[in-house]
Amino acid sequence: MNNSYHTIKSVNEGLKKGEFSVEEITAEYLGRIKKENPKFNAYLTIFDHKTTNYKRFDRPELTVEGLQTTNLLSGIPCAIKDNILIEGEKCTAASKILENYVAPYDATVVTKLKQAGTVFLGKTNLDEFAMGATGERSAFGPTLNPHDHSRVAGGSSAGSGVAVAADLAIYALGSDTGGSIRAPASWCGVVGLKPTYGLVSRHGLIAMASSLDQIGPITKTVEDAAIVLNTIAGHDQLDSTSISPSRDLSDYTANLNKPIKGLKVAVPNEFFNTGLDNEVNNLIQATIAKLESLGAHIDQVSLPMINYAVATYYIIVPSEISANLARYDGIRYGLSAKRSSLLDVYLDSRAEGLGPEVKRRIMLGTYVLSAGYYDAYYLKAQKVRALIKQDFDRIFEKYDVIVGPTMPTVAPKLGELDDPLAGYLADIYTCPVNLAGLPAISIPCGFAELPTTNYQLPTTKLPVGFQIIAKHFDESKLLQVAYNLEQVLSL
């Protein structure tokens, strides 16, 4: 297979021309995964495409003739984060408590991808139950950054980010609760899109924090992200938080080429406070200058409530976690410790099956929701959350998009963010977006050059992500800005 066939669009063209078949490209990627995955630990499960009906390659829509009229995703090999259900396949959420759990049904996004004719390569690694910013907190080992194996990939959708960055999948799905798609996209140098809350169904996603979780694509290009969003977006009667069936959905690829001259861009001062790495800052400022060169109007603004976002996020999220993870009790499904009393089954199943970060957040959430502290912490955090949304709404009355860094630093070394608080602070630019339910995208904007102790390698280059945030359900504008910027960055 020619190395130029790496994006959804280019692979689709190659399939249509008969330059290779769906079976051949799938075999190419499966071979690559089996060879390369041990270096990265990106996949937890690699599928055998000879065993299940929906993976067969002799379907009419996957022939050269059928591909002329079917969805652009037909025959495209993709990876799915291992907290999104695929019927008949293991879904572990990277936790020992679900190590042998087999999904009894498809997530809605998986159903839509199956209908589009996409091909699933396997399930990708993540921080356990999607709790983490680095990809190190999986019960099955950390995922390593393809640019430097001594560094983290970013979490929680670490495996999906690495699968795309290391060309072990054409595209992948992840989930984003506080930056879990955008963090690995930034630190691995790919595109990560977090859609507006409710635009993509959460049915079949193992819940972490239900009022913030959102499924989205990780891709190699902005156009690919738009193509995937076209397929997975829309109302779902199985998800009460999904968009209204009457809402008109855009073709998210339609306006990508439209110039952005006259666009009003807000740059929050709060995104450039202490904690932002100098190398990252330089690349972000250079990218903002590129936007200006495209005719965008740039203004400095203030989003003061963002300063309270991390504290607010880490009260609301553990509270929802403590409720959502109560179901993992050793009785209904998952790991069950064989003990003589019911209480011991509960205690020991959770003690053996859940990792330290999950336990930490359950305990914190249970404390926050307890009778004596509910008003003092949880209720107050919800009020601050409303103020954060109002802050964004105020800016969007005058501006089209908000821009800034995705992450405050390049990918840290393994173990560097072992202190839980340090890991939580890594979400400083991403979690406000989830609290407000807004869409955001991270695109690569360059490489930071860092000194190395290896005399043979005077510097190491690590990717930096540029974040663009838009109004609710304005993914078309978001993708248009990202696409225009991608064309001039020429990475």
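The exchange below takes up burial, backbone geometry, cores and enclosed spaces in this predicted model.

Reader: Why is Asn-37 called buried?

Author: Buried means under 20% relative accessible area, and Asn-37 has 8% relative accessibility, so it counts as buried. Asn-37 has its place in helix α2, which spans residues 22-40.

Reader: What makes the approach of the side chain of Asn-37 to the backbone nitrogen of Tyr-43 a polar contact?

Author: A polar contact requires a pair of N or O atoms within 3.5 Å, and the side chain of Asn-37 reaches the backbone nitrogen of Tyr-43 at 2.8 Å. A polar atom of the Asn-37 side chain also lies 2.9 Å from the backbone nitrogen of Ala-42. Because the cut-off is 3.5 Å, the distance of 2.8 Å to Tyr-43 and that of 2.9 Å to Ala-42 both satisfy it. When residues up to four places away in sequence are not counted, Asn-37 touches Arg-32, Ala-42, Tyr-43 and Leu-168.

Reader: What makes the phi of Ala-94 worth a remark, and how do you know that Ala-94 is buried or exposed?

Author: Most residues other than glycine have a negative phi. Ala-94, by contrast, has a positive phi, near 55 degrees, and is a residue other than glycine. Ala-94 is found in the loop between β2 (77-81) and α4 (108-116). Its relative accessible area is 0%, so Ala-94 is buried under the 20% limit.

Reader: Which other residue has a positive phi near 55 degrees, and why is that residue called buried?

Author: Phe-129, a residue other than glycine, has a positive phi near 55 degrees, and it is found in the loop between β3 (119-124) and β4 (144-145). Phe-129 is called buried because its relative accessible area is 3%, where the definition asks for under 20%.

Reader: How do you know that the peptide bond from Gly-155 to Ser-156 is cis or trans?

Author: The omega of the bond from Gly-155 to Ser-156 is near 5 degrees, and the bond is cis. Most peptide bonds are trans. Ser-156 is found in the loop between β5 (148-152) and α5 (158-165).

Reader: Which residues have the most contacts inside the largest nonpolar core, and what makes a set of residues such a core?

Author: A nonpolar core joins buried residues of the nonpolar kinds, Phe and Leu among them, through side-chain atoms within 4.5 Å. The largest such core has 150 residues, and those with the most contacts inside it are Phe-129, Leu-291, Phe-392, Phe-466, Ile-468 and Leu-479. Helix α9 (residues 309-324) gives this core its largest share, eight residues. Apart from the largest core lies another core, of eight residues, including Val-152, Trp-187, Met-407 and Ala-411.

Reader: Which residues is Leu-479 in contact with, leaving aside its neighbours within four places in sequence?

Author: Leu-479 is in contact with Leu-193, Val-222, Ala-225, Ala-226, Leu-229, Tyr-252, Leu-256 and Ile-441, where contact means heavy atoms within 4.5 Å.

Reader: Why is Gly-275 called exposed, and where is it found?

Author: Exposed means over 50% relative accessible area, and Gly-275 has 52%, so it is exposed. Gly-275 is found in the loop between β9 (264-268) and α8 (278-293). Not counting residues up to four places away in sequence, Gly-275 touches Pro-408 and Thr-409. Gly-275, Pro-408 and Thr-409 are among the residues nearest the centre of the second largest pocket, which is lined by 21 residues. That pocket holds about 330 Å³ of space, and its lining divides into 13 nonpolar, four polar and four charged residues.

Reader: What makes a space a cavity rather than a pocket, and how many cavities of 30 Å³ or more are there?

Author: A cavity is a set of points where a 1.4 Å probe fits but cannot get out, whereas a pocket is open. The count comes to three cavities of 30 Å³ or more. The largest cavity has a volume of about 80 Å³, and among its 14 lining residues the closest to its centre are Ala-130, Gly-132, Ser-180, Tyr-313 and Asp-427. Its lining has six nonpolar, six polar and two charged residues.

Reader: What residue classes line the second largest cavity?

Author: The lining of the second largest cavity has four nonpolar, three polar and four charged residues. Arg-137, Glu-357, Arg-361 and Asp-427 are among the residues that line this cavity, and Asp and Glu count as charged, as do Lys and Arg. The second largest cavity contains about 70 Å³ of space, and α11 (356-369) and α13 (420-425) each supply at least two residues of its lining.

Key:
Residues are numbered from 1 along each chain as its sequence is written. Side-chain values use heavy atoms; hydrogens and water are left out. Helices (H or I, at least four residues) and strands (E, at least two) are DSSP runs, numbered from the N terminus. Buried means under 20% relative accessible area, exposed over 50%, partly exposed in between (1.4 Å probe, protein chains only). A polar contact is a pair of N or O atoms within 3.5 Å; within protein, one must be able to donate a hydrogen and the other to accept it, and residues adjacent in sequence count only if both atoms are side-chain atoms. On a 1 Å grid over the protein atoms alone, a cavity is a set of points where a 1.4 Å probe fits but cannot get out, and a pocket is an open set with protein on both sides within 12 Å along at least five of seven lines; lining residues have an atom within 4 Å of a point. Grid points are joined across faces, edges and corners, and a volume is the space filled by probe spheres set on the points.
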